[in-house]
Amino acid sequence: MAKMLLEMKQITKTFGPVKALSNVNLQVADGEIHALCGENGAGKSTLMNVLSGIYPYGTYEGDIVYNGDVCKFQTIKDSEKKGIVIIHQELALVPLLSIAENMFLGNECGSKAKINWDETFQRCSEQLAIVGLHENPHTLIKDIGVGKQQLVEIAKALAKDVRLLILDEPTASLNDTEAKKLLDLLLKLKKEKGITSILISHKLNEVAYVADTITVIRDGTVVTSFDKEKDGVDENKIIAAMVGRDLTDRFPKREPHIGEVCFEVKDWCVDHPVFDGIKVCDHVNFNIRKGEVVGISGLMGAGRTELAMSIFGHSYGANIRGQIFLNGKEVHFPDVKSAIKHGLAYVTEDRKGNGLILSESIAKNTVSANLQKIVNKYHSIDIDLENKYSVEMAKDMHTKCASVQEDVGNLSGGNQQKVLIGKWLFAEPDILILDEPTRGIDVGAKYEIYCIINKMVSEGKSVLMISSEMPEILGMCDRIYIMNEGKFVGEMKGSEATQEKIMTRIIESGK
């Protein structure tokens with residue numbers, strides 16, 4: 001029988017009247033990769049925050065037994081001294097510091113009086129080599145991509161002599177190639193260094209690829225555990241345990257009723273806002289019909305987000321040129337306000353940076369894109385209307401919260417995403433641009449968002465969907481545009497599209 005490195009016993013954690021965890025038991029064997037699955041708000045991140053000392057001993061009930069010792073961590077430093085390191089979904093790196101400076105921030109080489117920079121850069125190079133990242137340690141974090149930043153976080157953990165590595169949605173912002181590289185690294189660290197990992201992920205194909213054991217949490221309690229060797233990995237079985245019901249089809253059925261072209265973009269060009277001579281969008285042409293879901297597929301860096309943002313009130317780019325037609329009439333959106341006024345809405349891929357005000361309530365975020373709807377005759381905000389509409393929207397979106405007066409920053413990622421989409425639905429748009437609408441959220445919440453999309457287009461509205469998840473594009477879109485290196489390189493009907501056809505177009509366009 002495998003030795004247990006970690007046992008969490010009868011963990012209960014409350015936030016005011018809300019019980020986030022209820023008598024949770026978790027066992028993690030030494031040297032295994034243990035996946036933690038569950039819907040957004042199920043309690044996965046809360047449990048890991050208890051383990052890592054972010055929620056200190058005394059703020060929860062129960063015991064943590066690590067490597068045979070009962071642990072009472074008061075800070076994250078206490079858990080790190082034991083070799084427990086957590087990497088959050090939102091990376092904790094300082095953009096304007098170098099890779100080396102980030103790697104040893106708070107764990108500096110040298111004495112209290114003086115940092116030994118030679119040792120810092122030497123050790124940094126050694127750790128980068130282990131994770132397979134070939135970057136100069138002097139390189140600033142802002143100058144490397146998200147995938148490489150994830151590898152820096154893991155290298156940083158290795159520099160702390162990690163024995164138990166906790167990763168919270170590590171591949172949420174990565175493309176398939178980068179995600180595969182990271183997962184292979186976890187397998188390598190397990191095999192060569194005996195490092196135990198706890199992986200929180202909504203991507204069940206990744207769970208099946210790397211996990212030895214899977215624990216499912218629902219509503220703050222452990223529902224079941226699977227051993228891959230004994231039980232195998234059945235994605236439908238995991239989903240049923242997560243959502244409490246069978247989800248036979250991950251994409252709700254829809255009978256398309258597609259009308260006339262309502263939105264058209266012609267000869268759209270956008271230059272890079274910083275580097276002269278670089279086009280991020282190069283003579284792009286596309287259209288959307290009423291009642292249609294149109295997808296844009298492409299690899300990370302293809303220019304999809306830049307295109308969407310430049311259309312939505314010139315939110316990105318320089319020297320933007322081209323034409324936009326709304327119901328056959330040419331229109332101009334020089335700013336976001338004019339885009340919203342003409343019936344456009346844009347759900348950003350960066351919900352925390354650009355989409356929501358985390359320090360404000362759900363209610364205030366919900367109404368923020370359409371304040372005119374809650375202004376009274378005295379030209380001031382009607383608080384009763386704000387509360388009424390935000391409660392209705394939270395109910396429609398199935399947002400898990402204590403009340404709509406709760407700060408958005410206190411919600412799980414999936415519930416934040418529901419607030420973000422609800423905010424733009426409250427603006428009553430005719431055309432909704434969705435940029436990575438289900439990134440980092442669970443299959444149950446995804447299904448609910450897909451149902452909202454279907455309801456919107458059934459009412460004659462239109463949706464433009466950008467997604468890096470190929471099954472999502474194939475499962476939801478009536479037509480698909482394929483983008484590569486700032487250009488549209490193909491178009492096909494959703495019913496005829498396959499992952500192979502899309503990738504073939506991308507590869508051939510790059511030759």
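Q: Which residues line the largest cavity?
A: This is a predicted model. The largest cavity holds about 40 Å³ of space. Its lining consists of I362, T366, S390, M393, A394, M397, T399, K418 and V419.

Q: Which element gives the largest share of the lining of the largest cavity?
A: Three elements give two or more residues each: α13 (362-367), α14 (383-397) and α15 (413-426). S390, M393, A394 and M397 are among the lining residues, and their numbers fall within the 383-397 range of α14. The largest share, four residues, comes from α14.

Q: How does the lining of the largest cavity divide by class?
A: I362 and V419 are among the lining residues, and so is K418. Ile and Val count as nonpolar, Lys as charged. The full division is five nonpolar, three polar and one charged.

Q: How many cavities of 30 Å³ or more does the structure hold?
A: The largest cavity has about 40 Å³ of space. Counting from 30 Å³ upward, the structure holds two.

Q: Are α14 and α15 parallel or oblique to each other?
A: Their axes come within 10 Å and cross at roughly 125 degrees. Angles of 65 to 115 degrees count as roughly perpendicular, and those over 145 as roughly antiparallel. The crossing angle of roughly 125 degrees falls in neither range. Therefore α14 and α15 are oblique.

Q: Is the crossing of α14 and α15 left-handed or right-handed, and which residues make the contact?
A: α14 passes α15 in a right-handed crossing. On the α14 side, the contact uses Y389, M393 and M397. On the α15 side, the residues are K418, I421, G422, L425 and F426.

Q: How do the residues of the contact of α14 with α15 divide by class?
A: K418 of α15 is in this contact, and Lys counts as charged. G422 is there too, and Gly counts as polar. The division is six nonpolar, one polar and one charged.

Q: Why is α15 roughly parallel to α16?
A: α15 and helix α16 (residues 443-458) have axes 11 Å apart. Angles under 35 degrees count as roughly parallel. The reason is therefore their packing angle, about 10 degrees.

Q: Which residues of α16 make the contact with α15?
A: From α15 come Q417, K418, I421 and L425. By class, the contact divides into six nonpolar, one polar and two charged residues. The α16 residues are A445, E448, I449, I452 and M456.

Q: Which element supplies the largest share of the lining of the second largest pocket?
A: That pocket has about 1000 Å³ of space. β2 (18-29), α1 (44-51), α12 (351-355) and α15 each supply at least two lining residues. The largest share is four residues, from α1.

Q: Which residues lie nearest the centre of the second largest pocket?
A: The pocket is lined by 38 residues. They divide into ten nonpolar, 17 polar and eleven charged. Nearest the centre lie G41, T46, N410, L411 and S412.

Q: At what angle do α5 and α6 pack?
A: Helix α5 (residues 146-158) and helix α6 (residues 176-193) have axes 10 Å apart. The two are roughly parallel to each other. Their crossing is right-handed. The angle is about 15 degrees.

Q: How do the residues of the contact of α5 with α6 divide by class?
A: α5 contributes G147, Q150, L151, I154 and L158. α6 contributes E178, K181, L182, L185 and L189. Glu and Lys count as charged. The division is six nonpolar, two polar and two charged.

Terms used:
Residues numbered from 1 in each chain as written. Predicted model: local features only at pLDDT ≥ 70, side-chain atom pairs only at ≥ 80, totals over all residues. Heavy atoms only, no water. Axes fitted to C-alpha atoms, helices over the stretch in contact; angles between N-to-C directions. Left-handed = near helix turned anticlockwise from the far one by under 90°. Contact = heavy atoms within 4.5 Å. 1 Å grid on protein atoms, 1.4 Å probe; cavity = no way out; pocket = protein on both sides within 12 Å on 5 of 7 lines; lining within 4 Å. Points joined across faces, edges and corners; volume = space filled by probe spheres on them.
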